[in-house]
Amino acid sequence: MPERAWAEVIEALLTGRTQPPRKNGLTMVIDKGLGPAATADLLEMCGGVIDHWKCAFGTSAFVPADALRRKLVSLAAHGILTYPGGTLLEVAIVVGSCRTFMRRAHSLGFSAVEISDGTIPLPSHRRHNVIRCALDHGLTPITEVGKEDATHQPTAVELAEQALQDLAWGAQWVTVEAREEGLGIGIYDDHGAVRAEAVAAINERMGSQVDRLIWEAPRKNQQAYLIQQFGPNVNLGNIPVGEVLALAALRAGLRFETFHGIAVALEPTGQWDPDAVEEPDASEAASHASPRNNEKGDTQQ
């Protein structure tokens, strides 16, 4: 990984973060149509903190194939898992071309697929078959639990039960649906606040497998809650491309929501003392001493 701009100042805060290729602490971005050049610029700035890249819902259907391939090659070079949105696969299932979809996804350069039933009903045996179909085509299956219709939401326990079943069938990770707005879906209420009881119920039912969940959390308050609940290495998804570094800062304790707790915890231990004065190190002491020595020498002459 390239040297960070402020490495020697804040490196201690980053020691708790997993490093790529990560199995947890994943950041999944949601992309609504970034071009190859803009993607390359973003990767230069923050490719090291992106793990999954989702081309949202059906947006990639309108992209020139060559441009999409170049973009996916660039993402793969950074070790980033790429997949089209689950809605596109749901459409393929409805029109009876699931296997054609898998072949096309692989030929375009996607490394994974998102398998969801947010819009359509998908019986258990068909869900199992789609996971197996993805594996047969060399694609990493990432399922999604939950419905996009705010008026027809599964319970937290139902979400967890489906997630556990998907993992048993071969899913690598399971995403908890929240859509791109994070309002009134899954673990969030109509205002985007986290429903703590829903998170607790899912956590209890999932047990050690909770680390295989990717919580869609497009809003800062949602990200902060989940980081405080599960730690900086919680898997978070549906992060807008322009918010990737902001999330990295939140994970590392470089924003108020997470740094405040770190500072408060360090004060009783003596590791942080508001009244302490930082002493200059040896190099600083030497640089301050040199001018005085020269002045003395000039006086003697």
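Which hand does the crossing of α6 and α7 have? I started my notes with that one, working from a predicted model.

**Entry 1: α6 and α7**

I looked up the pair and found that the crossing of α6 and α7 is right-handed. Helix α6 covers residues 124-136 and helix α7 covers residues 156-169. Their axes come within 10 Å and cross at roughly 45 degrees. That angle makes α6 oblique to α7. Next I listed who touches whom: S124, R127, H128 and I131 on the α6 side meet Q162, D166 and W169 on the α7 side. Sorted by class, this contact holds 2 nonpolar, 3 polar and 2 charged residues.

**Entry 2: α3 and α5**

I moved on to helix α3 (residues 65-77) and helix α5 (residues 98-108). I noted a packing angle of about 65 degrees, with the axes 9 Å apart. From α3 the contact takes A65, L68, R69 and L72, and from α5 it takes R104, S107 and L108. The class count for α3 with α5 reads 4 nonpolar, 1 polar and 2 charged residues.

**Entry 3: α9 and α10**

How far apart are the axes of α9 and α10? I got 10 Å, with a packing angle of about 30 degrees. The cut-off for roughly parallel is under 35 degrees, so α9 counts as roughly parallel to α10. I also wrote down that α9 passes α10 in a right-handed crossing. For the record, α9 is residues 220-230 and α10 is residues 244-252. On the α9 side I have K220, Q223, A224 and I227, and they meet L247, L250 and R251 of α10. By class that contact has 4 nonpolar, 1 polar and 2 charged residues.

**Entry 4: the cavity**

I then checked for enclosed space. The count came to 1 cavity of 30 Å³ or more, and the largest cavity holds about 40 Å³. Which residues line the largest cavity? My list is R17, T27, V49, V244, L247, A248 and R251. Helix α10 gives the most to this lining, with 4 residues. Two names here were already in my notes: L247 and R251 line the cavity, and L247 and R251 of α10 also take part in the contact with α9. The lining divides by class into 4 nonpolar, 1 polar and 2 charged residues.

**Entry 5: backbone oddities**

Last, I went through the loops. Most residues other than glycine have a negative phi, and most peptide bonds are trans. I flagged two spots against that background.

- The peptide bond from P20 to P21 is cis, and its omega is near -5 degrees. I placed P21 in the loop between α1 (7-14) and β1 (27-31).
- F57 is not a glycine, yet its phi is positive, about 30 degrees. I found F57 in the loop between β2 (52-55) and α3.

Where does F57 lead in my notes? The loop that holds F57 lies between β2 and α3, and α3 is the helix that packs with α5 in Entry 2.

Definitions and conventions. Residues are numbered from 1 along each chain as its sequence is written. This is a predicted model: local features need pLDDT of at least 70, side-chain atom pairs count only at pLDDT 80 or more; totals for chains, interfaces and linings use all residues. Side-chain values use heavy atoms; hydrogens and water are left out. Axes are lines fitted to C-alpha atoms, for helices over the stretch in contact, and angles run from 0 to 180 degrees between N-to-C directions. Angles under 35 degrees count as roughly parallel, over 145 as roughly antiparallel, 65 to 115 as roughly perpendicular and the rest as oblique. A crossing is left-handed if the near helix is turned anticlockwise from the far one by less than a right angle, and right-handed if clockwise. Contact means heavy atoms within 4.5 Å. Ala, Val, Leu, Ile, Met, Phe, Trp, Tyr, Cys and Pro count as nonpolar, Asp, Glu, Lys and Arg as charged, and the others, Gly among them, as polar. On a 1 Å grid over the protein atoms alone, a cavity is a set of points where a 1.4 Å probe fits but cannot get out, and a pocket is an open set with protein on both sides within 12 Å along at least five of seven lines; lining residues have an atom within 4 Å of a point. Grid points are joined across faces, edges and corners, and a volume is the space filled by probe spheres set on the points.
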